[in-house]
Amino acid sequence: MKGFSKIYILLAFLTCNLHFAQQDTQQEELSLDGGTIESQFQYLYKKSGNYTAEGKRYEVVRIINLDKLKKNVLDSLNAANKKATDLKNTISGQEASISSLNSKLKETTDNLTAVTEEKDSMSLLGAQVSKGTYNFILWTVIIGLLLLFLMFVFKFRRSNILTQQAKSNLAELETEYEDHRRKALEREQKISRQLQDEINKYKKSN
């Protein structure tokens with residue numbers, strides 16, 4: 001029994017050491033110089049002082065940390081805006097490509113119709129040719145136009161899929177950006193109000 005007790009105590013000791021080591025590692029990973037905005041806010045909370053007055057808890061944040069966090073939030077917003085602009089430019093390029101493909105598709109269809117209407121004619125460029133030669137030339141042109149038509153249809157559908165994906169990504173990015181901007185503003189306003197309250201209390205106490 002004493003042997004089991006010693007093993008149990010050793011396991012408990014190792015578990016506690018592992019838990020504290022994980023906490024220390026997580027603490028070291030938090031920084032205002034990298035990571036997500038959420039982790040930077042957590043870093044700011046951990047580095048801020050706090051006290052309770054009149055039953056309410058207040059956080060005291062260093063101005064230099066608050067300015068650093070504000071700069072990081074603005075940089076993130078600028079990066080999101082740039083990505084949104086790039087996506088819009090991609091969509092514009094895809095729409096221009098689709099318009100060009102539609103024009104070429106119409107031209108190909110018109111050419112195919114014209115060739116079909118003239119297939120019974122035995123005159124080729126003003127010269128009389130044999131029926132076999134005429135049919136060979138006619139079907140060669142038709143097959144070539146059909147292959148070109150299929151190629152344009154493939155490119156058109158591929159461009160349309162890419163455009164839809166780009167629009168979907170843009171919509172998701174705009175939603176994520178608006179949500180992130182709203183949360184960031186709310187947090188910044190909350191911190192600013194708390195900081196102003198502390199400044200006002202400090203002035204009143206002096």
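Me: Contact here means heavy atoms within 4.5 Å. With that in hand, which residues does Gln40 touch, not counting residues up to four places away in sequence?
Reply: This is a predicted model, by the way. In it, Gln40 has Ser31, Leu32, Gly34, Gly35, Leu69 and Asn72 as its contacts, with residues up to four places away in sequence left out. Gln40 itself belongs to helix H2.

Me: And why does Gln40 count as buried?
Reply: Buried means under 20% relative accessible area. Gln40 has 4%, so buried is the word.

Me: What makes Gln94 count as buried?
Reply: The cut-off is under 20% again, and Gln94 comes in at 18%, so it goes in the buried class. Gln94 is part of helix H3, residues 63–117, and it touches Ser159, Leu162 and Thr163, leaving aside residues up to four places away in sequence. Over the whole protein, 20% of the 206 residues count as buried.

Me: Why does Tyr45 count as partly exposed?
Reply: That class lies between the buried limit of 20% and the exposed limit of 50%. Tyr45 has 42% relative accessibility, so partly exposed it is. You'll find Tyr45 in helix H2, residues 37–47. Its C-alpha is 7.9 Å from that of Val61, with the two positions 16 residues apart in sequence.

Me: Why does Leu147 count as exposed?
Reply: Exposed starts over 50%, and Leu147 has 54%, so it qualifies. Leu147 sits in helix H4, residues 131–205. Together with Trp139, Ile143 and Leu150, Leu147 forms a nonpolar surface patch of about 450 Å² accessible area.

Me: How do you know that Met151 is partly exposed?
Reply: Its relative accessible area is 36%, and partly exposed covers what is neither under 20% nor over 50%. Met151 is another helix H4 residue. Between its C-alpha and that of Leu105 there are 9.7 Å, with 46 residues along the chain separating the pair.

Me: What makes Asp75 and Lys71 a salt bridge?
Reply: The rule wants a Lys or Arg side-chain nitrogen within 4 Å of a carboxyl oxygen of Asp or Glu. For Asp75 and Lys71, N to O is 3.0 Å, which fits. The two are about one helical turn apart because four residues separate them in helix H3. Both ends are partly exposed, Asp75 at 37% and Lys71 at 48%.

Me: How do you know that Lys183 forms a salt bridge with Asp179?
Reply: Set the value against the limit of 4 Å: the closest N and O atoms of Lys183 and Asp179 are 3.4 Å apart, so the pair passes. Asp179 also meets Arg182 in a salt bridge, at 2.6 Å from N to O. Through shared partners, the salt bridges join Asp179, Arg182, Lys183 and Glu186 into one network. A search of the whole structure turns up nine salt bridges.

Me: Why does the charged end of Arg187 count as sitting over the ring of Phe41?
Reply: For Arg, CZ has to be within 6 Å of the ring centre and within 35 degrees of the ring normal. The charged end of Arg187 is 5.0 Å from the centre of the Phe41 ring, and it is listed as sitting over that ring.

Me: And how many aromatic pairs does the count come to?
Reply: Zero. Ring centres would have to lie within 6.5 Å to pair.

Key
Residues are numbered from 1 along each chain as its sequence is written. This is a predicted model: local features need pLDDT of at least 70, side-chain atom pairs count only at pLDDT 80 or more; totals for chains, interfaces and linings use all residues. Side-chain values use heavy atoms; hydrogens and water are left out. Rings of Phe, Tyr and Trp (its six-membered ring) pair if their centres lie within 6.5 Å; planes under 30 degrees apart count as stacked, over 60 as edge-to-face and the rest as tilted. Buried means under 20% relative accessible area, exposed over 50%, partly exposed in between (1.4 Å probe, protein chains only). Patches are made of residues with over 30% relative accessible area and no salt bridge: like charges are joined within 9 Å, nonpolar side chains (Val, Leu, Ile, Met, Phe, Trp, Tyr) within 5 Å. Accessible areas come from the Shrake-Rupley method with a 1.4 Å probe; for residues, only the protein chains shown count as cover.
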